[in-house]
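User: Please justify the terms applied to the structure shown below, setting each value against its definition.

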Amino acid sequence: MWPKSLRVSAIVNAGGIMEMTWSFASPDGRATFHLAREGGNWVCVWRRIGDHRVFRIP
């Protein structure tokens, strides 16, 4: 479903919150998000975008 280069996976024990990493170089690129239904469609809800610190409070 997701391109391997984005490295998308579920965060363990985070109730449906996913993580995405697209760069390990400086600055590193990371984000957390979850999927939700809106008007019968699936939407991506971005939670945090930044560096590795986004995982402290996903």
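User: Why does Trp-46 count as partly exposed?

Analyst: This is a predicted model, in which local features need pLDDT of at least 70, side-chain atom pairs count only at pLDDT 80 or more, and totals for chains, interfaces and linings use all residues. Residues are numbered from 1 along each chain as its sequence is written, and side-chain values use heavy atoms, with hydrogens and water left out. Trp-46 has 46% relative accessibility; buried means under 20% relative accessible area, exposed over 50%, and partly exposed in between (1.4 Å probe, protein chains only). Trp-46 is therefore partly exposed.

User: What makes the nonpolar surface patch?

Analyst: Trp-22, Trp-46 and Ile-49 make a patch of about 370 Å². Patch residues have over 30% relative accessible area and no salt bridge (a side-chain nitrogen of Lys or Arg within 4 Å of a carboxyl oxygen of Asp or Glu), with nonpolar side chains joined within 5 Å and like charges within 9 Å.

User: How do you know that β3 and β4 pair?

Analyst: Pairing requires at least two bridges found by DSSP, and β3 and β4 have nine, in the antiparallel sense. Strands are DSSP runs (E, at least two residues) numbered from the N terminus. Ala-36 stands opposite Val-43 in β4.

User: Why are β1 and β4 said to stand at the edges?

Analyst: In the open sheet, the order is β1-β2-β3-β4. β1 and β4 (41-50) each have a single partner strand, so one side of each is left without a neighbour in the sheet.

Key:
Helix = DSSP H or I, 4+ residues; strand = E, 2+ residues; numbered from the N terminus. Areas by Shrake-Rupley, 256 points an atom, 1.4 Å probe, with all protein chains shown as cover.
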